[in-house]
Amino acid sequence: MMAGRTGAVLLRVYCAAVLLFLSLPIIVAVGVAFGADRIARFPPRGFSLHWFAAALMDRTFMGALATSLELATLTTIGTILVGLPAAVALERRVFIGSTALETFLLSPLTLPGVLFGISMLFFLGATRWGLSWSGLLIAHIVIALPYLLRTTLAVHRGLDRGLEEAALVLGASPWQAFRYVTLPLLKPGLAAGGLFAFLTSFDNVPVSIFLTTAQTNTLPVTIMSYLVNQDFDATVGAISALQVAIVLALLYLLDRIYGVARLTSLGA
Amino acid sequence: MARRRSVAVELRSLHKRYGSVVAVRSLDLRVEPGQLLCLLGPSGCGKTTTLRAIAGLLQPDAGEILVDDRVVNQVPAHRRGFGLVAQNYALFPHMTVMENVTFGLRMRGVAREETARRAREALAMVQLARMEDRYPRQLSGGQQQRVALARCLVVEPDLLLLDEPLGALDKKLREAMQVELKSLQRQVGITTIFVTHDQEEALTLSDRIAVMHEGELQHVGTPQEIYETPRNRFVADFIGICNFLDCTVAGREQSAVLLRMDDGAVMVASGASTPGQGTRMTLAVRPEKLIVASSEDRRTHALPAQIEALVYVGTAVHIHLRTGTGTRLVAYRQNTTPLGSHLHPGARVYVSWDAAAARLVE
Amino acid sequence: MILFLLPILVFLLAFFVLPFGVMLYESMFLSPLLAPENPGPTLANYAKLLGDFFYLKIVLQTLALGVAVTTLALIIAYPVAYLLARARSRQLLVFLIISPLVVSVVIRSYGWMVLLGRAGTVNTLLQASGITEAPLALMYNWFGVTVALTHVLLPYMILALASVIEGIPESLEDTAAVLGAGAWARFRYVLLPLSLEGVGAGVTLVFMLAIGSFVSVLLLGGSETLILPLLIYQQVMLINNNFAAALGAALLIISLALLYVQSRAFRTRATA
């Protein structure tokens with residue numbers, strides 16, 4: 001319902017303001033990197049790409065970026081390996097009526113990351129596994145799994161179960177029906193879920209911070225340690241800008257492949 | 001619920017576009033007090049847009065909406081004092097029947113006792129007196145429809161707007177509700193605009209019908225005018241079933257126009273003015289007006305054709321024909337007498353009609 | 001088909017449920033630093049948490065922050081969710097609302113630090129326009145924490161509300177308008193009651209995320225803005241793991257209670 005012309009305009013202006021509020025800190029974090037000044041300020045004074053050069057030369061940052069990229073990639077692969085069978089099960093709607101199971105599978109999404117972070121820390125200690133690359137990777141797979149499952153659920157909500165039956169009636173074996181009908185239908189959901197898994201791992205702090213060591217520091221954890229020490233220099237802005245560029249590019253890709261609106265619980 | 005007054009509604013050059021798509025193109029229309037007018041057309045013809053503009057739910061880009069000669073364009077929907085029954089009724093699912101019906105009165109700040117009294121009256125009028133405490137989901141489709149109507153009439157609106165209000169009902173119930181709606185509208189005497197894509201419904205209910213197509217008004221008239229003398233091919237085709245034949249104007253014979261068909265036969269049609277000889281025209285004839293005869297019984301002006309199929313539909317037989325030039329025709333023959341032996345698939349027959357039954361369009 | 005679920009169930013039991021078990025186990029022992037002789041299982045850590053007003057206050061602060069952020073997010077989000085739900089083309093809107101979610105909280109906090117610092121953008125603007133003379137303390141306090149957290153959690157609220165508002169037929173609002181309801185009455189009597197389910201879902205989700213968040217609080221908070229997740233982090237840094245585990249157990253109980261409420265809400269929705 002149109003709330004009168006003025007009302008509609010007011011609503012639009014308000015929403016534009018909220019959207020600006022949402023993107024403001026990101027614009028600022030990226031913007032400071034382009035300043036000529038060492039002190040991070042917004043709007044930046046002057047224009048320079050010096051801080052990008054500085055960030056790219058910085059061994060700590062580059063090492064952390066490489067770690068993060070590697071970890072996120074492995075997390076994506078691991079998440080798909082563990083999650084694919086479950087995704088197939090979800091596609092077949094084994095879950096009807098078992099909300100408890102669904103709640104459990106999605107719970108790593110909603111339980112505070114800090115809780116899982118320390119639990120994993122104690123777990124690795126108690127099992128004498130110790131802080132390690134494999135422990136970090138497993139923790140990341142755990143927090144990325146719900147995204148994969150949820151995306152698959154979102155994709156296959158309302159998928160026509162009749163398609164597979166049609167394939168069977170047409171003479172396909174169950175394996176062929178899965179291979180040529182179900183799997184292709186699952187693919188966009190898996191691709192989107194995989195991208196989400198990557199993003200989740202690439203961004204994470206609350207879990208990583210308890211599980212990383214000097215050798216396995218991820219990029220967000222490294223940036224965090226700079227900020228905790230109140231070192232806001234523009235190099236942090238430059239490396240942040242780089243991180244933002246990577247995630248926004250991935251989100252854009254996600255949108256192209258799949259349509260971001262479909263990933264939310266909103267209808268098409 | 002006697003009505004004190006009925007309003008006249010007028011649209012002047014109403015225009016509305018969505019982006020580059022014109023939904024309604026300079027529409028002029030007048031509804032007289034107490035009349036029921038149907039806006040009829042296929043989906044996307046602009047009828048719902050027109051209704052929503054009248055209701056105040058959208059602003060037209062140009063043009064005026066007048067109620068009793070007063071421009072109401074700037075009056076917001078909630079101050080227009082109209083009634084609307086939307087598609088699927090739009091009953092508030094979280095309110096009981098009583099709460100639904102009293103909603104409009106509560107919005108107007110009507111005193112509690114009066115609200116209750118008027119709501120009961122309205123529910124009694126639609127025969128739902130005992131359903132007060134039910135929720136919409138506990139009602140059948142027909143009952144929901146009546147609640148929507150009661151909710152709308154209880155505020156004594158100046159104008160009743162109905163947007164395909166019977167579309168969700170099955171055929172039998174729909175026909176029953178059509179009769180009920182019409183008598184209720186008569187009884188209350190309220191000016192009503194009814195949107196539908198169902199031509200039978202429009203013919204049954206309307207005092208007048210406005211046929212719309214691609215945002216433009218095609219023809220406004222009584223149901224009989226629209227059916228018998230459609231202004232153009234679209235109207236003839238949209239309302240009921242119609243046969244179309246290409247032809248060339250050949251001259252006049254008393255009050256009828258003579259037409260040369262593409263296979264050489266000369267046929268007749270009604271028409272006050274004669275278009276110039278040689279003009280290409282389209283002839284429109286309803287299936288029930290076609291007379292199918294054997295060569296012995298043929299009339300002077302008859303078109304040779306071959307029967308392709310006979311379809312028995314109970315009250316009638318539909319005769320599917322093909323002329324010498326390949327045009328397909330359908331003729332309805334009432335099952336009052338047994339079918340003659342000359343009517344069988346493959347038979348060569350002659351098709352004719354009275355001049356008054358055929359119209360030249362476009 | 002249950003076979004297909006085995007890998008994920010085994011994985012989550014081993015690496016998600018078991019670690020929580022270890023945490024609960026750890027919470028029942030005293031730190032070896034405090035009690036080198038290891039007196040065995042004890043509830044001393046919990047007694048310390050419940051018996052000391054300092055820690056109780058932190059729990060209350062955590063809940064208060066959750067309430068404040070959830071309320072703010074709800075009020076700010078509703079109109080946006082409405083616009084999003086009713087938008088004809090929502091591609092760009094959704095992109096703008098989701099994109100902050102994929103940018104690391106650390107980086108968003110960094111942006112807020114630049115904006116809210118003593119010599120930050122906001123203070124510079126305020127002083128330049130003559131509204132204030134001295135710079136205001138906008139961060140390293142509750143204000144900064146609340147702003148940053150509301151920012152982080154707003155998209156969740158918008159999406160939760162929008163998905164429910166979307167399901168409310170527009171014709172209900174239209175009909176209400178024609179029946180004489182103005183914009184406020186339409187919100188109060190039609191939209192709000194019908195979107196309560198979304199409000200419930202959004203509120204539990206945002207509240208749960210708010211009381212568990214720690215990066216924004218660590219970066220934009222100060223000495224006063226101590227909440228449970230931050231206290232847990234500090235205790236771990238102090239290698240007081242066993243007490244941290246007890247604090248974690250407290251947070252876990254609150255979170256699970258909320259998760260239960262949420263799953264109940266979903267169940268009623270499924271059967272409705």
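Reader: If two residues are in contact when their C-beta atoms, placed from the backbone, lie within 7 Å, how many residues of chain C are in contact with chain A?
Author: In this predicted model, where local features need pLDDT of at least 70 and side-chain atom pairs pLDDT 80 or more, totals for chains, interfaces and linings use all residues. Residues are numbered from 1 along each chain as written, with chains lettered from A and ligands numbered from 1 in written order. On that footing, 79 residues of chain C are in contact with 73 residues of chain A.

Reader: Which part of chain C gives the largest share?
Author: Helix α1 of chain C, residues 2-26, gives 14 residues (helices are DSSP runs of H or I, at least four residues, numbered from the N terminus).

Reader: And in chain B, how do α2 and α3 pack?
Author: Helix α2 (residues 97-107) of chain B packs on helix α3 (residues 112-125) of chain B at about 125°, with the axes 9 Å apart. That makes α2(B) oblique to α3(B), since oblique covers angles that are not under 35, over 145 or from 65 to 115 degrees.

Reader: Which residues meet there?
Author: From α2(B) come B:M98, B:V101, B:T102, B:L105 and B:R106, which meet B:T115, B:R118, B:A119, B:A122 and B:L123 of α3(B).

Reader: What about α4 and α5 of chain B?
Author: Helix α4 (residues 141-153) of chain B and helix α5 (residues 171-188) of chain B pack at about 15°, with their axes 11 Å apart, and they are therefore roughly parallel. Here B:G141, B:G142, B:Q145 and B:L153 of α4(B) meet B:L173, B:M177 and B:V188 of α5(B).

Methods:
Axes fitted to C-alpha atoms, helices over the stretch in contact; angles between N-to-C directions. Helix = DSSP H or I, 4+ residues; strand = E, 2+ residues; numbered from the N terminus.
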